[in-house]
Amino acid sequence: MLTSIGKFLKKLRVDRGEILKDMADKLEVTVSFLSAVENGKKHMPAAWNGKICSLYDLSEEQKYEFTTAIAETEDAIEMNLVSANLGRRELAVSFARRFSTIDDTQVEEIRRILQRGDKK
């Protein structure tokens with residue numbers, strides 16, 4: 001079953017005139033792995049988020065579509081905190097603990113804060 005991520009990736013490569021092998025080569029994976037991601041059989045690696053944005057020089061609108069596709073597809077997010085300082089670690093853990101109790105107003109506030117950071 002084609003996922004939101006799969007639809008986005010397929011549209012991106014078709015719009016750029018690429019076949020699976022072209023995108024797989026750019027992402028340094030096998031064609032079968034990319035196909036499995038597109039078809040929802042494998043999860044998209046987290047590293048692809050930034051990699052795809054830079055490799056394909058995505059517009060702000062495309063970045064939004066990509067982020068939305070990720071949000072629609074993923075049911076869990078993993079964060080690597082190895083190089084994060086204590087303040088960032090505490091923020092990540094605090095957010096994770098309170099995630100299910102954040103109301104819609106708070107979600108919009110947090111989203112606005114994060115979007116301001118994206119524009120820098």
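What follows is a conversation between a biologist and a modeller about how to read the helices and single residues of this predicted model.

Biologist: Before I look at single residues, which helices and strands does the secondary structure of the protein chain come to, and in what order do the elements run?

Modeller: The secondary structure amounts to seven helices and zero strands, and from the N terminus on the elements follow the order α-α-α-α-α-α-α. As for extent, the C-alpha trace spans about 40 × 30 × 25 Å along its principal axes.

Biologist: How many of the 120 residues are buried, and what does the protein chain expose?

Modeller: Buried residues account for 22% of the 120 residues, while the protein chain exposes about 9000 Å², of which carbon and sulfur atoms supply 54%. If you then turn to contacts between residues at least 6 apart in sequence, 53% of them join residues at least 24 apart.

Biologist: Let me take one helix in detail; which residues of α2 are buried?

Modeller: In helix α2, which covers residues 20–27, the buried residues are M23, A24 and L27. Because they cover an arc of only 100° around the axis, they lie on the same side of α2. The elements that cover these buried residues include α1 (4–15), α3 (31–38) and α4 (48–55).

Biologist: Could you take A24 as an example, and tell me what A24 is in contact with?

Modeller: A24 is found in helix α2, and its relative accessible area is 0%, so A24 is buried. When its neighbours within four places in sequence are left aside, A24 is in contact with V29, T30, V31 and L34. For a sense of distance, A24 and A84 are 60 residues apart in sequence and 30 Å apart in space, taken from C-alpha to C-alpha.

Biologist: How should I describe the way in which two helices pack?

Modeller: Two packed helices are described by the angle between their axes and by the distance between those axes. In the case of α2 and α3, the helices pack at an angle of about 105°, and their axes are 9 Å apart. Angles from 65 to 115 degrees count as roughly perpendicular, and α2 and α3 are therefore roughly perpendicular to each other.

Biologist: Which residues of α2 and α3 meet, and how do they divide by class?

Modeller: From α2 the residues are L20, K21, M23, A24 and L27, and they meet V31, L34, S35 and E38 of α3. By class, this contact of α2 with α3 has six nonpolar, one polar and two charged residues.

Biologist: And at what angle do the axes of α1 and α3 cross?

Modeller: The axes of α1 and α3 cross at roughly 125° and come within 7 Å, and that angle makes α1 oblique to α3. Here I5, G6, L9, K10 and R13 of α1 meet L34, V37 and E38 of α3, and by class the contact has four nonpolar, one polar and three charged residues.

Biologist: Moving to the segment before α1, is T3 buried or exposed?

Modeller: T3, whose place is in the segment before α1, counts as buried, because its relative accessibility is 14% and the cut-off for buried is under 20%. Apart from its neighbours within four places in sequence, T3 is in contact with V37, E38, G40 and T73.

Biologist: I would also like to look at backbone angles; which residue just after α2 takes a positive phi?

Modeller: That residue is E28, just after α2, and its phi is positive, about 60°, although E28 is not a glycine. E28 lies in the loop between α2 and α3 and is exposed, with a relative accessible area of 67%. A further case is D57, a residue other than glycine with a positive phi near 45°; D57 lies in the loop between α4 and α5 (60–73) and is exposed, with a relative accessible area of 65%.

Biologist: To finish, where is I110, and which residues does I110 touch?

Modeller: The place of I110 is in helix α7, residues 104–118, and I110 is partly exposed, with a relative accessible area of 29%. Not counting residues up to four places away in sequence, I110 touches F95 and I102. I110 and F95 are 15 residues apart in sequence, and their C-alpha atoms are 11 Å apart in space.

Notes
Residues numbered from 1 in each chain as written. Predicted model: local features only at pLDDT ≥ 70, side-chain atom pairs only at ≥ 80, totals over all residues. Heavy atoms only, no water. Buried < 20%, exposed > 50% of the residue type's maximum accessible area, 1.4 Å probe, protein only. Helix = DSSP H or I, 4+ residues; strand = E, 2+ residues; numbered from the N terminus. Arc of directions from axis to C-beta. Contact = heavy atoms within 4.5 Å. Axes fitted to C-alpha atoms, helices over the stretch in contact; angles between N-to-C directions. Parallel < 35°, antiparallel > 145°, perpendicular 65-115°, else oblique. Nonpolar A, V, L, I, M, F, W, Y, C, P; charged D, E, K, R; others polar. Areas by Shrake-Rupley, 256 points an atom, 1.4 Å probe, with all protein chains shown as cover.
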